[in-house]
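Please examine the fold presented below. The paragraphs that follow lead through it step by step.

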Amino acid sequence: MIGRVVAAVAMLCGGAGAALAHPHVWVQARAELVLDQKRNLVAVRESWTFDPEYSAFAVLNLDSKRDGVPDQPKLDAMAAERLEAMAETAYFTQGKLNGRPLALKGGPAPKASFSGGRLTFDFTLVPQAPTGPVRNLVMSFDDPDFYVAFGFPPGEAVRLSGGSDCVLRFTRPPQQAKEGEQLIPDGEATGTPGAAAAAAADYTGRLLVACP
């Protein structure tokens, strides 16, 4: 577990604050699953919007003009670095396709933007190998170490593109961590096996795609 926490910290630039409990970072996530005409999974597009505290931390020293607007080339470079580092945590995206674990890799051209005091990170994941037509696909977007809390905005947080005869069902988390709400002491999260995952379970959303 500690290795995953270290990877999460590295991916998120060391975390935003000196909090003494998990979670430390809050994300509002959206996702789009893309199928081709043969119902093969070709991409998972994700968009994460971070809490204001982490957002402010992440864009430090990215504003060369000192006008309150981070430089876009620096934001895009940061996005590429983040996506590469996220391989250590499987991109916080877990999946099983037709009953088998789904292995993903980073896709091209990740982007970052900053608006209203919040950082948004848009990126694409693609299967590491051909998957074959989807019969059933189960996915979740979460951090089992609960360093990062994933929530979902109202409305259509998850969508399916392609596979017109397939059905998408998204189950929202039983609970959603409020920004700044810390739910498990760091010592317990990092020192007690399974404690963080147990705490995170009630805050994890899941989706199911079923195709005939």
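Which residues of α3 are buried? The model under discussion is a predicted one. In helix α3, the buried residues are Leu75, Asp76, Met78, Ala79, Arg82 and Leu83. These residues lie on the same side of α3, because the arc they cover around the axis is only 160°. The opposite face, turned away from the buried side of α3, bears the exposed residues Pro73, Glu81 and Glu84. As for its dimensions, α3 comprises 14 residues and spans 20 Å from its first C-alpha to its last, close to the 20 Å expected at 1.5 Å a residue.

One residue of this helix may be followed further. Asp76 belongs to α3, which covers residues 72-85. Its relative accessible area is 19%, and since buried means under 20%, Asp76 is classed as buried. When residues up to four places away in sequence are not counted, Asp76 touches Pro110, Lys111 and Ala112.

The nonpolar interior comes next. The largest nonpolar core contains 44 residues, and those with the most contacts inside it are Trp48, Leu119, Leu137, Met139 and Val209. Strand β2 gives the most to this core, namely 6 residues. A second core, separate from it, has 10 residues, among them Ala177, Ile184, Ala196 and Tyr203. The surroundings of Leu119 include two residues of the buried set in α3, Leu75 and Met78. Leaving aside neighbours within four places in sequence, Leu119 is also in contact with residues including Trp48, Phe50, Tyr54, Val59, Ala112 and Phe114.

Attention may now turn to the strands. An open sheet is formed by 5 strands in the order β5-β4-β9-β14-β12, with antiparallel pairing. At its edges are β5 (100-101) and β12 (167-171), each of which pairs on one side only. In general, the strands of a sheet pair through backbone hydrogen bonds, either parallel or antiparallel. Strand β4, residues 93-97, is joined to β5 by 2 bridges, and the two run antiparallel. Within this pairing, Lys96 has Pro101 of β5 as its bridge partner.

A final location concerns a loop. Is Lys38, in the loop between β2 (25-35) and β3 (41-50), buried or exposed? Its relative accessibility is 63%, so Lys38 counts as exposed. Between Lys38 and Thr204 there are 30 Å in space, C-alpha to C-alpha, and the two are 166 residues apart in sequence. Lys38 thus contrasts with Asp76: the loop residue is exposed, whereas the helix residue is buried.

Definitions and conventions
Residues numbered from 1 in each chain as written. Predicted model: local features only at pLDDT ≥ 70, side-chain atom pairs only at ≥ 80, totals over all residues. Heavy atoms only, no water. Pairing = 2+ DSSP bridges. Helix = DSSP H or I, 4+ residues; strand = E, 2+ residues; numbered from the N terminus. Buried < 20%, exposed > 50% of the residue type's maximum accessible area, 1.4 Å probe, protein only. Contact = heavy atoms within 4.5 Å. Core = buried A, V, L, I, M, F, W, Y, C linked by side-chain atoms within 4.5 Å. Expected span 1.5 Å × (residues − 1). Arc of directions from axis to C-beta.
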